[in-house]
Amino acid sequence: MKTVKINENVSLHYISMTKLKTTSVAVYIHRPLCEEEASYNALLPLVLKSATELCPNREAVAKYLENLYGASMGGTTIKCGEDHVIYFDAETISDCYAPEGEPLVEELLNLLMSVLFAPKLEDGAFDSKIVEQEKINAQDRIDAFVNDKRQYASVRCQQETARGTSFSINRLGDKERIKDITAQSLYEHYRSIITSSVIDIYVCGNTDINAAAAAVAEYTDKLVFKKAEIPKTEIIFRPSEEINNVTEKMEVAQGKLAMGFLTNTRPVDDDYYALMVFNSVFGAGAHSKLFNNVREKLSLCYYASSQLERFKGIITVNAGIEFKNFQKAHDEILVQLDEIRKGNITEQEFGASISSIVNVFNSYYDDQRALATNSLMNRVAETGKTLDEIIECVKKVTVSDVVNVSKKLQLDTVYFLKGRGE
């Protein structure tokens with residue numbers, strides 16, 4: 001990867017890849033995750049990508065992308081610990097495949113830079129009609145999240161496990177706060193952050209990096225930036241205390257059990273890769289103990305899996321269950337954790353876990369977005385390892401390493417979503 005510093009806040013990262021016929025561009029604006037900003041940050045990319053000085057309405061944006069041979073562009077927010085990232089993603093065919101030799105990547109960057117630094121204004125603010133429409137869309141995203149009860153329960157468990165920290169804030173914002181945002185207040189927020197945030201731009205594919213840097217500099221050179229840093233994040237360390245039991249009731253036919261464990265392991269710790277393998281053995285795949293024992297053999301769950309949140313040091317176990325099976329499923333999940341702590345890990349479980357993780361990382365070499373996202377995540381976590389180095393670290397993990405890291409896990413929260421009449 002080659003990095004060009006555009007200015008003290010803006011960096012252009014180029015990942016050369018010639019095996020695919022496309023080139024992708026990702027823009028990440030780093031903001032501190034907080035209640036005051038979250039709803040504004042969630043709404044902002046929806047408004048910015050709808051109209052710019054270059055393309056003054058949605059139809060013009062769509063036509064511009066179509067003229068780049070069906071290029072695509074989207075915007076949302078992601079959460080990396082306490083780093084609330086405003087994210088834009090775009091893709092077009094690589095310049096070398098342009099029928100008439102057009103500089104497609106440069107033109108796509110021109111659109112993205114216009115989205116970022118030259119939005120369409122109306123009387124010194126954003127277009128009020130666009131803002132009102134995108135407020136509805138932003139609220140609909142929150143409703144869609146709540147309606148996906150499997151995802152909802154998992155996130156709610158993470159929020160409860162992260163209680164007392166900014167990580168408990170929804171990356172999509174709050175419906176009532178979004179409702180109160182105006183075209184003027186959103187523009188004022190935009191003005192306050194666009195030149196005072198770290199901005200990472202990733203170009204992955206086959207293009208002229210110097211031309212790409214020039215396209216970015218054409219917009220940024222006109223602005224004065226205030227030096228910023230990527231928001232720092234730290235995993236949760238909490239003294240052992242009484243388990244945080246949380247029960248919610250909704251109109252659901254199937255119970256959702258989620259259990260939040262603190263890992264007490266940072267991404268930069270030597271045993272972090274053992275934690276990755278532990279998570280795979282425990283519940284991340286069809287080879288795992290949760291899948292084969294809690295779901296298949298005992299039929300206590302419709303699904304059972306675990307996921308690792310590296311930035312806050314949380315492993316969340318998610319299970320869909322009959323309401324009556326809450327205690328049995330809860331207890332059996334802990335039994336499977338105890339089996340790992342005792343060293344009862346089969347060769348198949350361990351080997352499949354290593355292979356699964358290595359295969360995922362190897363697949364990044366065929367996925368431009370994954371390469372950019374992985375690099376960004378490592379930048380936020382300050383791990384500094386290449387993909388090859390990460391793969392080698394995973395391959396060196398032993399069963400003993402997995403057993404040792406499993407003993408650091410601490411059950412913190414048990415979340416149960418059940419029916420209103422239960």
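In this predicted model, Lys249 has Lys418 of β11 as its bridge partner. That pair is a handy way into the sheet, since β7 and β11 run parallel and are joined by seven bridges. The side chains of β7 take turns along the strand: Asn244, Val246, Glu248 and Met250 are buried and point to one face, while Asn245, Thr247 and Lys249 point to the other face and are not buried. This fits a broader pattern, as side chains in a regular strand alternate between the two faces of the sheet.

Zooming out, β7 belongs to an open sheet of five strands, laid out in the order β7-β11-β8-β10-β9 with mixed pairing. Each of the edge strands, β7 (244-250) and β9 (303-309), pairs on one side only. From one strand to the next, the twist averages 15 degrees. On its other pairing, β11 runs antiparallel to β8, again with seven bridges between them. Here Gly260 sits opposite Thr413 in β11.

Helices pack on this sheet too. Helix α9 touches β9 and β10, and its direction makes about 170 degrees with that of β9. Helix α11 also packs on the sheet, in touch with β8, β10 and β11, and its direction makes about 30 degrees with that of β8.

Helix α11 deserves a look of its own. It covers residues 326-341, 16 residues in all, and spans 23 Å from the first C-alpha to the last, close to the 22 Å expected at 1.5 Å a residue. Its buried residues are Ala329, His330, Glu332, Ile333, Gln336, Leu337 and Ile340. The cover over these buried residues includes the strands β8 (255-262), β10 (314-321) and β11 (410-419), along with the helices α9 (272-282), α10 (289-297) and α15 (399-406). Just past the end of α11 comes Gly343, with a positive phi of about 85 degrees.

Then there is the nonpolar interior. In soluble globular proteins, nonpolar side chains tend to be buried together. In this model the largest nonpolar core holds 134 residues, and Leu109, Met113, Phe126, Ile201 and Phe278 have the most contacts inside it. Helix α3 (residues 104-117) gives the most to this core, contributing ten residues. Leaving out residues up to four places away in sequence, Ile201 touches Val10, Ser11, Leu12, His13, Val25, Ala26, Val27, Leu109, Met113 and Val216. Apart from the largest core lies another one, made of five residues, among them Ala162, Phe167, Ile236 and Leu262.

Terms used
Residues are numbered from 1 along each chain as its sequence is written. This is a predicted model: local features need pLDDT of at least 70, side-chain atom pairs count only at pLDDT 80 or more; totals for chains, interfaces and linings use all residues. Side-chain values use heavy atoms; hydrogens and water are left out. Helices (H or I, at least four residues) and strands (E, at least two) are DSSP runs, numbered from the N terminus. The expected span of a helix is 1.5 Å times one less than its number of residues. Buried means under 20% relative accessible area, exposed over 50%, partly exposed in between (1.4 Å probe, protein chains only). Contact means heavy atoms within 4.5 Å. A nonpolar core is a set of buried Ala, Val, Leu, Ile, Met, Phe, Trp, Tyr and Cys residues joined through side-chain atoms within 4.5 Å. Two strands pair if DSSP finds at least two bridges between them. Axes are lines fitted to C-alpha atoms, for helices over the stretch in contact, and angles run from 0 to 180 degrees between N-to-C directions.
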